[in-house]
Amino acid sequence: MPVRVADGLHWDVLCLFEETKQGLVRAAGRRVESVGVDSWGVDYALLDRDGVLVSNPYHYRDTRTAGMMEEAGRRVPREEIYRITGIQFIPLNTLYQLLAMEGSPLLDAADRLLMIPDLFAYWLCGERCCERTAASTTQLYAAEGGWAWDLIRRMRLPERLFGEVVEPGTALGGLRPELREDTGLRGAGVTAVATHDTASAVAAVPARGQNFAYVSSGTWSLVGVETERPVISEEGLRYNFTNEGGFGGKNRLLKNVMGLWLLQECRRVWAREGREYEYGELARLAAEAPPFGPLVDPDWEGFLLPGDMPGRIRRFCERTGQRPPEGVGEVVRCVLESLALKYRWVIERAERVSGLRAETVHVVGGGARNELLCRLTAEATRRPVVAGPDEATVLGNVLVQAYAAGMVGSLEELREVVRASIPVRVYEPEEAEEGWDEAYGRLSELVGVASGE
Ligand code: LRH
């Protein structure tokens with residue numbers, strides 16, 4: 001859980017680390033040879049020369065990054081930042097978080113930046129290094145590989161912060177002695193996996209070949225395709241596609257869609273009002289609500305920060321001349337249909353930008369359990385949806401460890417193991433196209449207002 005204190009919104013990394021340790025304690029008694037850490041991207045920790053944490057890491061939804069994208073653009077033109085990094089412009093990127101720290105004594109004290117999974121790996125085994133897939137989310141890592149030194153200098157960020165980068169699948173070292181004691185895992189080593197959670201999840205997509213799109217569906221929905229190399233083009237920049245590092249040398253050409261965050265925040269607000277809903281109950285209410293009601297652009301920037309999400313959805317509808325959804329079922333229906341339609345919007349553009357054709361849509365992560373969302377996604381995208389595994393990130397994490405141990409030889413083999421191990425559920429589009437095309441037209445208009453299409 002994020003913790004808000006006087007200076008902003010933070011992660012409680014000590015608590016998260018303790019929970020990680022408790023997880024390892026539960027594994028004691030089994031033969032554990034390797035441990036791998038993955039986490040969300042963009043957030044980081046600063047360490048001093050002795051390897052001590054200089055401050056509590058911030059949460060990417062903290063407001064201190066307001067105005068920082070514009071500031072970065074004054075130092076290096078947007079087009080050039082994109083050309084160098086291939087990374088999308090969203091205020092949460094490490095780059096903007098670091099610019100917001102300019103002049104802070106914390107930055108002076110800092111000797112090294114580690115991404116969150118790197119920090120945990122360091123605390124587990126004592127090695128300080130940055131894993132490539134997580135590093136790629138900083139917007140300070142070059143699309144062609146290595147830290148973007150010229151960009152780092154022109155952003156006036158301290159070069160010393162950016163240390164050695166390792167590939168996913170690198171053995172880092174044994175557990176620290178006191179952890180071996182505390183956890184009872186004596187023989188385990190730490191392996192750098194594809195430490196960006198989305199990279200792990202995409203590695204575990206049970207697809208064959210190239211002609212598929214994926215939705216890594218959790219708090220965020222990461223929607224896109226897999227390419228051989230970063231695709232950096234004017235069109236990609238216009239649609240704000242990102243090129244993040246993948247396992248097996250692949251590139252993840254994708255967009256962040258706001259995802260189930262919208263519902264998580266609605267649920268939080270409803271619970272505060274004394275109305276607690278399980279996800280199953282919400283799905284039932286949404287299924288009963290009439291289809292093709294009001295829609296939102298899930299990626300409207302007003303939805304990014306924690307707050308009164310039902311109120312914001314209402315206001316978005318009012319401002320765009322729509323009747324706001326009434327009651328819980330209609331709100332949830334509005335969110336799920338909007339998400340499914342936004343997936344189509346992104347997938348169609350990912351096809352254009354990459355030249356690939358997405359014949360199927362793989363939904364992985366917790367959202368794969370949301371039957372209504374999967375069904376709506378099949379209808380909205382007019383393509384079969386293959387749902388599962390819901391624990392794709394965990395599988396990707398473990399299987400990259402298996403790769404490091406020589407048990408699987410390639411990304412293809414890794415996906416073969418996932419296919420053989422995990423049942424998936426297929427949803428075919430069944431409803432008439434017209435209703436969906438009409439709704440898609442409305443969604444595209446709402447998005448167009450924001451993207452200048
Ligand atoms: C998903 C994720 C995503 C990032 C966001 C901060 O968990 O890692 O890929 O953009 O969190």
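# Loops, sheets and a ligand shell

Gln-139 is found in the loop between helix H7 (132–135) and helix H8 (149–154). Helices (H or I, at least four residues) and strands (E, at least two) are DSSP runs, numbered from the N terminus. The structure is a predicted model: local features need pLDDT of at least 70, side-chain atom pairs count only at pLDDT 80 or more, and totals for chains, interfaces and linings use all residues. Residues are numbered from 1 along each chain as its sequence is written.

## Exercise 1: backbone exceptions

Find the sign of phi at Gln-139, then locate the loop that holds Pro-389.

Solution.
- Start from the rule: most residues other than glycine have a negative phi, and most peptide bonds are trans.
- Check Gln-139. Its phi is positive, about 70 degrees, although this residue is not a glycine.
- Move to Pro-389. The peptide bond from Gly-388 to Pro-389 is cis, with omega near 0 degrees.
- Place it. Pro-389 sits in the loop between strand E15 (385–387) and helix H17 (392–404).

## Exercise 2: the sheet of seven strands

State the strand order of the open sheet of seven strands, and explain why strands E12 and E16 each have one side without a neighbour.

Solution.
- Recall that strands of a sheet pair through backbone hydrogen bonds, either parallel or antiparallel. Here two strands pair if DSSP finds at least two bridges between them.
- Read the order: E12-E13-E11-E10-E14-E15-E16, with mixed pairing.
- Look at the edges. Strand E12 (242–245) and strand E16 (425–427) each have a single partner strand, so one side of each has no neighbour in the sheet.
- Add the twist. From one strand to the next it averages 30 degrees. Angles run from 0 to 180 degrees between N-to-C directions, with axes as lines fitted to C-alpha atoms.
- Zoom in on one pair. Strand E11 (residues 221–227) and strand E13 (residues 251–257) run antiparallel, joined by seven bridges. In this pairing, Val-223 stands opposite Lys-255 in E13.

## Exercise 3: the sheet of three strands

Name the edge strands of the sheet ordered E3-E9-E8.

Solution.
- The sheet is open, and its three strands show mixed pairing in the order E3-E9-E8.
- Its edges are strand E3 (34–36) and strand E8 (170–174), and each pairs on one side only.
- Neighbouring strands are turned by 35 degrees against each other on average, direction ignored.
- E8 and strand E9 (residues 189–192) run antiparallel, with four bridges between them. Gly-174 stands opposite Gly-189 in E9.

## Exercise 4: the ligand shell

Sort the residues around the ligand by class, then ask which domains supply them.

Solution.
- List the shell: Trp-40, Gly-41, Val-42, Tyr-60, Leu-92, His-196, Asp-197, Thr-198, Gly-218, Trp-220, Leu-222 and Asn-256. A residue is near the ligand if its C-beta atom, placed from the backbone, lies within 6 Å of it.
- Count by class: six nonpolar, five polar and one charged. Ala, Val, Leu, Ile, Met, Phe, Trp, Tyr, Cys and Pro count as nonpolar, Asp, Glu, Lys and Arg as charged, and the others, Gly among them, as polar.
- Assign domains. At least three residues come from each of domain 1 (2–20 + 29–192) and domain 2 (197–449). The bounds come from an automatic or database domain assignment.

## Exercise 5: the whole chain

How many helices and strands does the protein chain have?

Solution.
- The chain has 19 helices and 16 strands.
- Its C-alpha atoms fill a box of roughly 60 × 50 × 50 Å, taken along the principal axes.
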